[in-house]
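Reader: I should like to learn how to read the features of a protein model. May we go through them one at a time?

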Amino acid sequence: MPFNMLMPRLGAGACTGIFRGSALRGLQSAGRVVSMATGRPSIVPVAAALSKRWATSTASLAPEADDVNRLHKLRNIGISAHIDSGKTTVTERILYYTGRIKEIHEVRGRDNVGATMDWMDLEREKGITIQSAATYAEWGNTNLNIIDTPGHVDFTIEVERALRVLDGAVLVLCSVSGVQSQTITVDRQMRRYDVPRISFINKMDRAGANPQRIIDQIRNKLKIPAAALQVSIGSEDAFEGIVDILSNKAIYNRGFRGEDIVYGEVPEHMVERVEAAREELISVLAEVDDEIGELFIEDKTPTTEQLHEAIRRATIARKFTPVLIGSAIKDKGIQPLLDAVIRYLPNPTQVKNTMLDIDNNEKVLDVVPYSNQPFVGLAFKLEEGKFGQLTYIRVYQGRLEKGQFAHHVRTGKKVKISRLVRMHSNSMEDVASVGAGEICALFGIDCASGDTFTDGKTNCSMSTMYVPDSVISLALTPKVKNSPNFSRALNRFQREDPTFRVHVDSESKETIISGMGELHLDIYVERMRREYNVDCVTGKPRVAFREAAMTKTPFEYTHKKQTGGAGQFARVVGYLEPISPEEHSDLPHEFVNNVVGGTIPIQFLAACEKGFEDGLQQGFMIGHPIVGARLVLEDGASHEVDSSELAFRLAAYYAFREAFKASNPRILEPVMTVDVSSPVEFQGNVLGSLNRRKGIIVNTETQEDYCAITAEVPLNNMFGYSTELRSGTQGKGEFTMEYKRHATVPMDVQEQLILEYQKKLAEKK
């Protein structure tokens with residue numbers, strides 16, 4: 001079976017059942033190891049390495065000098081952060097200073113134009129990024145492929161698939177709010193795909209700006225060594241510029257939009273502060289870099305060039321993150337950030353990517369990132385455009401040319417590349433070909449997100465991306481029945497967004513949509529109205545409850561049925577036990593075969609597992625899926641004539657049902673991490689509102705006139721909270737919510753849920 005047909009949660013852990021062996025092999029290849037090399041490799045050693053690496057798959061070819069030079073002058077980066085940290089504003093300045101756009105428009109600007117990368121009407125109305133947008137630019141003699149990602153947790157899949165194909169990232173943090181819930185999520189995603197990052201503390205002009213506190217949060221909350229490369233000249237309203245502690249120069253932005261860089265001497269009152277910051281940088285680097293560590297022990301002062309090289313080595317190795325500061329809205333600090341991206345983040349040749357050789361038992365192969373190799377590309381994002389489906393592809397190896405045929409690994413079909421474009425937000429530029437390391441888009445290709453394409457010479461597959469489970473569902477009914485656009489819209493949204501799921505309830509026959517949060521589903525309902533002219537009525541949000549066994553329970557069940565002629569007979573013996581909650585995400589359920597002596601014929605064991613999986617689909621308490629169950633089959637009996645696959649499947653199903661009901665089962669509900677920020681005078685109101693919703697306060701921080709509260713609250717109690725928060729804080733409070741885990745509901749709530757479910761079943765009868 002091709003690797004990319006496996007379960008989409010492959011990146012999070014091993015799948016269960018028959019897929020487990022392949023999944024574990026896939027996990028070994030899901031990571032990326034980054035090379036420590038800092039200088040340009042010579043052609044001969046690279047060719048020697050390639051000949052060993054590709055001895056089993058393809059003929060070795062030495063990379064062309066022009067191609068090596070092009071790759072060394074290429075960076076694939078993403079801009080990621082918590083919502084409202086200023087990602088899109090930073091990207092807008094990058095595009096302006098690189099000459100990609102001629103004028104700057106703000107996210108919530110008065111000119112009603114909106115930022116370049118927020119091209120959807122909904123994005124400009126709400127002032128948030130909903131879809132990741134790709135663009136390209138040039139800084140100096142280096143080409144940049146940039147992806148601006150959403151900061152809202154509901155659109156986390158956009159960040160996930162962007163980081164899957166990027167070589168480096170800029171993590172933007174607010175100078176006041178610092179590390180927040182989505183910052184931690186983005187950090188986890190960067191670690192999942194081994195993406196080095198530069199940290200940029202934005203909004204230095206904001207009241208309460210404190211970059212040193214944010215650096216401490218990066219070290220303590222994100223658990224990564226960090227140190228500032230710059231010191232601010234003033235802060236809040238008095239923020240004037242920055243001092244580069246490596247060159248020991250003051251940097252000011254002048255001109256109409258800060259396009260003119262003026263260098264000056266360090267202000268006298270800041271000399272000691274800059275020297276202390278430099279010493280702190282050296283001490284942090286000494287802990288993560290051997291060369292600086294040796295100089296530090298010998299009490300020698302490293303040169304500026306040695307520091308630059310050490311920062312680059314440690315950043316690419318993901319042992320360290322350099323921290324820069326600025327204010328995008330005030331046009332300060334963006335050009336030094338671009339310089340740091342070029343200097344410290346890796347080029348495509350310094351990132352090790354792997355693929356699986358399908359023809360050779362999924363053997364892990366290294367991707368060779370040069371254009372004269374056989375073509376391998378990964379489709380990481382789909383989008384429906386006016387010219388048909390637009391497929392974003394990262395070319396990992398080889399060259400993709402207009403008019404050539406590509407091999408779709410999952411389906412085995414050949415597809416013609418009729419049109420090849422580079423994206424700039426929602427506009428595009430036709431190109432004849434793209435080389436290794438580039439990001440481009442294709443038209444007219446029928447594929448899914450995460451599919452691999454090759455030139456047919458190699459039958460290899462890239463590892464897929466991690467897709468989180470949905471946490472909330474809505475019943476959706478179109479106002480005009482039998483509208484063809486209704487199903488067309490749902491099909492398109494499912495193809496574009498792996499976290500948006502649709503199914504028809506087998507009992508109520510309602511269409512159920514599932515996603516990552518209320519905003520996520522609201523956006524799609526609104527898009528159906530605008531883009532497809534389909535008005536829909538939504539039901540009450542449904543929480544993704546789960547059912548779980550709590551105690552180990554033995555079972556012994558015999559299935560008999562005699563109706564004349566061959567009947568049905570199967571006997572199964574074993575026990576049901578819970579899997580610890582820590583394993584749920586990686587191992588939702590497990591079937592273990594401990595039968596010895598052939599008491600159950602081997603041809604019926606798969607039927608027993610299928611019966612167990614049938615019982616997991618719909619629980620026996622409130623009809624929600626069962627998780628965290630391990631069924632161990634130890635013994636059984638069969639009949640020469642009456643035993644069949646159906647008999648053992650039914651026996652396992654009924655045995656599991658009886659054991660589950662006797663295992664003190666509990667209902668699990670999703671618990672969310674809720675981050676609330678509001679003025680200090682409303683702190684009491686916020687704490688009271690969270691307590692009323694049965695929230696557990698985890699942390700509170702107060703910074704001058706601003707407070708940040710972190711709590712864990714059941715999702716079922718969070719509906720309508722935005723309205724309550726606005727009314728309780730005079731519209732000044734805001735909150736974000738992220739899935740944390742599933743936890744047991746109180747017994748009174750469980751009894752109420754069971755009664756409601758039984759009442760619902762009785763009404764249908």
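Reader: Leaving aside its neighbours within four places in sequence, with which residues is M528 in contact?

Author: A word on the model comes first. This is a predicted model, in which local features need pLDDT of at least 70 and side-chain atom pairs count only at pLDDT 80 or more, while totals for chains, interfaces and linings use all residues. Residues are numbered from 1 along each chain as its sequence is written, and side-chain values use heavy atoms, with hydrogens and water left out. Contact means heavy atoms within 4.5 Å. By that criterion, and without its neighbours within four places in sequence, M528 is in contact with L476, F486, A489, L490, F493, N533, V534 and C536.

Reader: Which residues touch the most other members of the largest nonpolar core?

Author: In soluble globular proteins, nonpolar side chains tend to be buried together. A nonpolar core is a set of buried Ala, Val, Leu, Ile, Met, Phe, Trp, Tyr and Cys residues joined through side-chain atoms within 4.5 Å. Buried means under 20% relative accessible area, exposed over 50%, and partly exposed in between, with a 1.4 Å probe and protein chains only. Here the largest nonpolar core has 69 residues, and M528, V572, L633 and F656 touch the most other members. Helix α16 (residues 645-661) gives the most to this core, with eight residues. A second, separate core has 52 residues, including I79, L95, V243 and I245.

Reader: Where does V537 lie, and is it buried or partly exposed?

Author: Helices (H or I, at least four residues) and strands (E, at least two) are DSSP runs, numbered from the N terminus. V537 belongs to strand β30 (residues 536-538). Its relative accessibility is 45%, so V537 counts as partly exposed. V537 also shows how sequence and space can be read side by side: V537 and T477 are 60 residues apart in sequence and 5.2 Å apart in space, C-alpha to C-alpha. Not counting residues up to four places away in sequence, V537 touches A475, L476, T477 and K479.

Reader: In what order do the seven strands of the open sheet lie?

Author: Two strands pair if DSSP finds at least two bridges between them. The order is β3-β4-β2-β5-β6-β12-β7, and the pairing is mixed. Its edge strands, each pairing on one side only, are β3 (133-139) and β7 (226-228). From one strand to the next, the twist averages 25 degrees; axes are lines fitted to C-alpha atoms, for helices over the stretch in contact, and angles run from 0 to 180 degrees between N-to-C directions. Strand β2 (residues 74-81) and strand β4 (residues 142-148) run parallel and are joined by six bridges. R75 has L144 in β4 as its bridge partner.

Reader: Which strands does helix α7 touch, and which does helix α8 touch?

Author: Helix α7 (residues 181-192) packs on the sheet against β2, β5 (168-174) and β6 (197-202), and its direction makes about 165 degrees with that of β5. Helix α8 (residues 211-221) packs on the sheet as well, touching β5, β6, β7 and β12 (321-325); the direction of α8 makes about 165 degrees with that of β7.

Reader: How do the axes of helices α10 and α11 cross?

Author: Angles under 35 degrees count as roughly parallel, over 145 as roughly antiparallel, 65 to 115 as roughly perpendicular and the rest as oblique. The axes of α10 (residues 290-297) and α11 (residues 304-316) come within 9 Å and cross at roughly 135 degrees. The two helices are therefore oblique to each other. In α10, E291, I292 and L295 meet Q306, L307, A310 and R313 in α11.

Reader: Why is helix α6 described as largely enclosed by the rest of the structure?

Author: In helix α6 (residues 156-165), 10 of the 10 residues are buried, so the helix is largely enclosed by the rest of the structure. Among them are the charged-letter positions E158, E160, R161 and R164, together with I157 and V159.Reader: What is the phi of K223, and where does K223 lie?

Author: K223 has a positive phi of about 55 degrees although it is not a glycine. K223 lies in the loop between α8 and β7, and K223 is exposed, with a relative accessible area of 62%. N248 has a positive phi near 60 degrees and is likewise a residue other than glycine. N248 is found in the loop between β9 (241-244) and β10 (249-254). At 43% relative accessibility, N248 counts as partly exposed.
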